[in-house]
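These are my notebook entries on one protein chain. I set down what I looked up, topic by topic.

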Amino acid sequence: MNRPPPAARHPSLQQALAAELAELESRGLKRRRRLLETPQGARVTVDGREYLAFCSNDYLGLAGHPALIEAAREGAARCGVGAGASHLILGHATAHHALEEALAAFVGLPRALLFSAGYLANIGAVTTLVGRGDAVFADRLNHASLNDAALLSRAELKRYPHLDLEALERLLAATRARRKLVVTDAVFSMDGDVAPVPQLLELCERHDAWLLLDDAHGFGVLGEGGRGVLSCFGAASPRLIYMATLGKAAGAFGAFVAAQSDVVEILLQRARSYIYTTAMPPLLAHVLMKSLELIACEEWRRERLMQLIYVLKQRLMVKRWRLMPSRTAIQPLVIGGNEEAMAASDALARAGLLVPAIRPPTVPQGTARLRISLSAAHEVEDVERLAFALNALQ
Ligand SMILES: *Cc1c(COP(=O)(O)O)cnc(C)c1O
């Protein structure tokens, strides 16, 4: 009997990957990286051409701030470049420690723990706090890192429709899980809307659940002195676990989780994404101390941002498209179809304006959009130019 050679029965890994890539290409879903040739900012050079960009999470315009560049130099001179070890071996430097204390005080929680990225912070917090027999309740529009964290934890993952507190309450009332953890973006990364923190906390209290708030887009932007979503709502509770990233409004890199002292201690003892990874370069901790100071005292950056949001809403004449109701730096213009969203983004790029088109699966089917990110680094005229270009496209 003639058996086909193994390669014909099972495509080789190489063939399977080539087919998968061809499929992405044919569906117009293959991603390409643009080459950024200048520091992040409102004006950038990309692939050899100058643009006005509305793509970054550098909401306060700190990523290229001279004081932070100077702090990086000083930090490198003082602490070297690499941490050289994980936090629990010998990588936890005085600069990290001082930053943790400053962050906890800044957001008004007893203690904070630094992670190397927001992705790792969410993975660490969720997998440490819940496991088999527990349940995670997640808003449908949460960031991917929170979903991945819940899956990795082996707790049951129950997702509720975006901001639907009644659905959440039904799920909480019906569960027989031992430990319950509600996880939510504080500011939703593709919609720019803000979670109703006091109501969520109230539900958590009523149903004996914990609340993990991912404030990646609120830290530095919302609340008094940029203290984030907790300050914005005056929210406080021992059930709260607060997470924020330091690579967005803070202009650098990293993340932290802040909570009651024992919660933080257990993360330090058990979170695998904290333990089994090299500590962030201490020079960055040094930079972030300076960044925290700028966030707190340069109120004009938040005022500028609010002014730019106002200007965009004033100048944009929406016809077919819909600007989502957002009071944060993320201003999504929903277009609907994937091709139309891509075409709009391409037309803007030809006019020298960079605005990313976001398509499913990052956002729900039929809600492809331009995700306009405003920054204190923009001028009023920049936003007017964008609104004018968008008005001409619709
Ligand atoms: C960006 C982001 C993260 C991940 O943070 P990194 O520091 O970039 O890894 C987590 N959650 C939300 C909501 C984010 O927007």
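**A cis peptide bond in a loop**

I began with P361, which lies in the loop between strand 13 and strand 14. The model I am reading is a predicted one. I looked up the bond before this residue and noted that P360 and P361 are joined by a cis peptide bond. Its omega is about 10 degrees.

**The sheet around that loop**

I then asked in what order the strands of the open sheet run. The sheet has four strands, and I recorded the order 10-11-14-13 with antiparallel pairing. Strand 10 (322-323) and strand 13 (357-358) are the edge strands, each pairing on one side only. I reminded myself that strands of a sheet pair through backbone hydrogen bonds, in a parallel or an antiparallel manner. For strand 11 and strand 14 I found antiparallel pairing over six bridges. Within this pair, I located Q331 opposite I372 of strand 14.

**Two domains**

I looked up the domain assignment next. It gives domain 1 as 28-60 + 299-393 and domain 2 as 66-296. The C-alpha centres of these two domains are 26 Å apart.

How many residues of each domain are in contact with the other? I noted 21 residues in domain 1 and 23 residues in domain 2.

I turned to the area of this interface. The size of an interface is often expressed as the accessible area lost when the parts come together. Between domain 1 and domain 2 the buried area is about 1,600 Å², and carbon and sulfur atoms give 60% of it. Which three residues supply more than any others of the area that domain 1 buries against domain 2? I found R302, R327 and T328, which together supply 30% of that area.

**Polar links across the interface**

I counted nine residue pairs in polar contact between domain 1 and domain 2. I then looked for salt bridges across this interface, and the rule finds one. In a separate lookup I noted a salt bridge between R369 and D191, with the closest N and O atoms 3.2 Å apart.

I also asked which elements build the side of domain 1 that touches domain 2. Helix 14 (299-315), strand 11 (330-336) and strand 14 (368-373) each supply at least two residues of it. Helix 14 gives the largest share, four residues. By residue type, I recorded 11 nonpolar, four polar and six charged residues on this side of domain 1.

**Salt bridges in the whole model**

By the same rule, I recorded a count of 18 salt bridges. One that I examined joins E265 and R111, whose closest N and O atoms are 2.7 Å apart. E265 belongs to helix 11 (residues 261-270) and R111 to strand 3 (residues 111-115), so this pair ties together parts that are 154 residues apart in sequence.

**A positive phi**

My last entry concerns R154, found in the loop between helix 7 (144-153) and strand 5 (156-160). Is its phi positive or negative? I noted a positive value, near 70 degrees, in a residue other than glycine.

Notes: Residues numbered from 1 in each chain as written. Predicted model: local features only at pLDDT ≥ 70, side-chain atom pairs only at ≥ 80, totals over all residues. Heavy atoms only, no water. Domains from an automatic or database assignment. Contact = heavy atoms within 4.5 Å. Buried area = accessible area lost by both parts, 1.4 Å probe. Salt bridge = Lys/Arg side-chain N within 4 Å of Asp/Glu carboxyl O. Polar contact = N/O pair within 3.5 Å; in protein donor to acceptor, adjacent residues only side chain to side chain. Nonpolar A, V, L, I, M, F, W, Y, C, P; charged D, E, K, R; others polar. Pairing = 2+ DSSP bridges.
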